[in-house]
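Okay, thanks for coming, everyone. I'll walk you through one structure today, going from the whole chain down to a few single residues. Have a look at it first.

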Amino acid sequence: MNTKKRIAAYAASLDPITNGHLDIVRRMAPLYDTFIVIVASDTRKNYTFTAKERVEMASAAVSDILNVRVESCVGEYVARFALRLGADTLIRGIRNFKDVEDEQVLACENREIAPGIETLWVPCRPELAHVSSSMVKGHVGIDPNWTTEAARSVPREVLLHLKEKHLVGQARKHWLKLTKFLQTKSFATAKEETDETIFEKLVETYLDRRRAYHNLEHIVTMLDLLEAHFGRNEFWPEIALAIWFHDYVYDPRASDNEERSVEASRHYVSFLTCSRGRPGVVERLILATKHNKMPQNREEAIIIDLDLAILGAPEKAFNEYCGGIMSEYEHVPPRKFVEGRIRVLTYFLKREPLYYTAKMRSLLDTQARKNLRRAISELSR
């Protein structure tokens, strides 16, 4: 009796893995004892995601298929790599006639490179024939609803990575504008920190998956609104810096997050070459986001309004915000959370004015009050 295990490999760049790739894996994996997904990297090519990120996304996508594992192939022929892993079959997906022509050449070459491994072509399902990694990446940032469209073609983990990659790009643009305006130079402290390393720390902090709302998307949204509606006013650099740092420390269990964020901000702001003798402004603006008192000036009014802009967002975005807050406070007993949440939302609904600047009032007040009333009603049921 032949007891040799049947091992197949499915190789692609998976930049990123799509539902088309995943469908091939789900259909073919049950036919083999072991099915290996190979994330291929050609050192001559530029990829949107690193090899590590592509492996992470693919691993998450196939985690529920018991006989599938993911490997990374860098600097080696994929066919030889698959053969070395014990595979005797190399699976390739076919979407159209052009793929057939390309794959015919590749199959012949692989047969010469790694004798002993055969190529098996698997046609994709018709409804997935249009799906490709490049098509998915073409959605990124095209309009405010791009994530909804991309979600049709990729697993959830991939959508999160796409969103994060886009947000980091947007955040970097804002950061570069700010540091260029401030004419900061690469500086070195005892910890050898630079503008870039500070940016990386900020991004890493705000991309923490435990932050369901107080995250990088919140920061970028505030910076977008600041640029779109208030421009580079007299206090623009201080407001921008305060936005970057106002949620740097965020612990839903603590009541001194803003004070601790002020402490964190001092480490960077003290090195600015263009603080213009107003180092305390950033700290004052961060503390204003506690929302426990009236703004004392226009710059405080601006950052308070920007921080609360989500209240006046379209219904879908507002609902996502509510879900994010609930997730961040999952440690609170449900009944206690609902009671506290109703108090907070009611406070903002009754506040006059809800937004302190004329611009935000005209743009957001009506929708904000509609959102708040609906949320309070739903929580009160």
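One term before we start: when I say buried, I mean a residue with under 20% relative accessible area. Also keep in mind that this is a predicted model. With that cut-off, 46% of the 381 residues of the protein chain count as buried.

So, the overall picture. The C-alpha trace of the chain spans about 80 × 55 × 35 Å along its principal axes. For secondary structure, you've got 16 helices and five strands. And if you take the contacts in the chain with a separation of 6 or more, 73% of them are between residues 24 or more positions apart.

Let's go to the strands. In what order do the five strands of the open sheet sit? Reading across, you get β3-β2-β1-β4-β5, and the pairing is parallel. The edges are β3, residues 68–74, and β5, residues 118–123; each has a single partner strand, so one side of each is left without a neighbour in the sheet. On average, neighbouring strands here are turned by 30° against each other, if you ignore direction.

Now look at β1. That's residues 7–12, and six bridges join it to β2, residues 34–41, with the two strands running parallel. If you want to find the pairing on your screen, Ala9 has Ile36 in β2 as its bridge partner, and Tyr10 stands opposite Val37, also in β2.

Is β1 covered or open? It's mostly covered, with six of its six residues buried. Here's a bit of background: in a regular strand the side chains alternate between the two faces of the sheet. For β1, one side has Ile7, Ala9 and Ala11, the other has Ala8, Tyr10 and Ala12, and they're all buried, so both faces are covered.

What lies across the sheet? Helix α1, residues 19–28, lies across β1, β2, β3, β4 and β5, and it runs at about 115° to β5. Then there's helix α4, residues 97–113, which lies across β4 and β5 and runs at about 165° to β4.

Stay on α4 for a second, and find Asp99, which is in that helix. Asp99 counts as buried, at 14% relative accessibility. Beyond its neighbours within four places in sequence, Asp99 is in contact with Gly93 and Ile94. To give you a feel for distances, Asp99 and Met222 are 123 residues apart in sequence, and their C-alphas are 45 Å apart in space.

Okay, on to a helix pair. Two packed helices are described by the angle between their axes and the distance between the axes. For α7, residues 156–181, and α8, residues 195–206, the axes come within 11 Å and cross at roughly 140°. That makes α7 oblique to α8. The crossing of α7 past α8 is right-handed.

Which residues make that contact? From α7 you have Val168, Ala171, Arg172, Trp175 and Thr179, and from α8 you have Asp195, Glu196, Ile198, Phe199, Leu202 and Val203. Sorted by type, the contact residues come out as seven nonpolar, one polar and three charged.

While we're on α8, Thr205 is in that helix as well. Thr205 counts as buried at 19% relative accessibility, and remember the cut-off is under 20%. Skipping its neighbours within four places in sequence, Thr205 is in contact with Arg211 and Tyr248.

Last stop, helix α13. Why can we call α13 largely enclosed by the rest of the structure? This helix covers residues 298–307, and nine of those ten residues are buried, so the surrounding structure largely encloses it. The buried ones are Glu299, Glu300, Ala301, Ile302, Ile303, Ile304, Asp305, Leu306 and Asp307.

Take Glu299 as an example from α13. Glu299 has a relative accessible area of 9%, so Glu299 is buried. What is Glu299 in contact with, leaving aside its neighbours within four places in sequence? The partners are Phe235, Ile239, Arg284 and Leu285.

To recap: an open sheet of five strands with parallel pairing, a β1 strand with both faces covered, an oblique α7 and α8 pair, and an α13 helix that's largely enclosed. That's my tour, thanks.

Terms used. Residues numbered from 1 in each chain as written. Predicted model: local features only at pLDDT ≥ 70, side-chain atom pairs only at ≥ 80, totals over all residues. Heavy atoms only, no water. Buried < 20%, exposed > 50% of the residue type's maximum accessible area, 1.4 Å probe, protein only. Helix = DSSP H or I, 4+ residues; strand = E, 2+ residues; numbered from the N terminus. Pairing = 2+ DSSP bridges. Axes fitted to C-alpha atoms, helices over the stretch in contact; angles between N-to-C directions. Contact = heavy atoms within 4.5 Å. Parallel < 35°, antiparallel > 145°, perpendicular 65-115°, else oblique. Left-handed = near helix turned anticlockwise from the far one by under 90°. Nonpolar A, V, L, I, M, F, W, Y, C, P; charged D, E, K, R; others polar.
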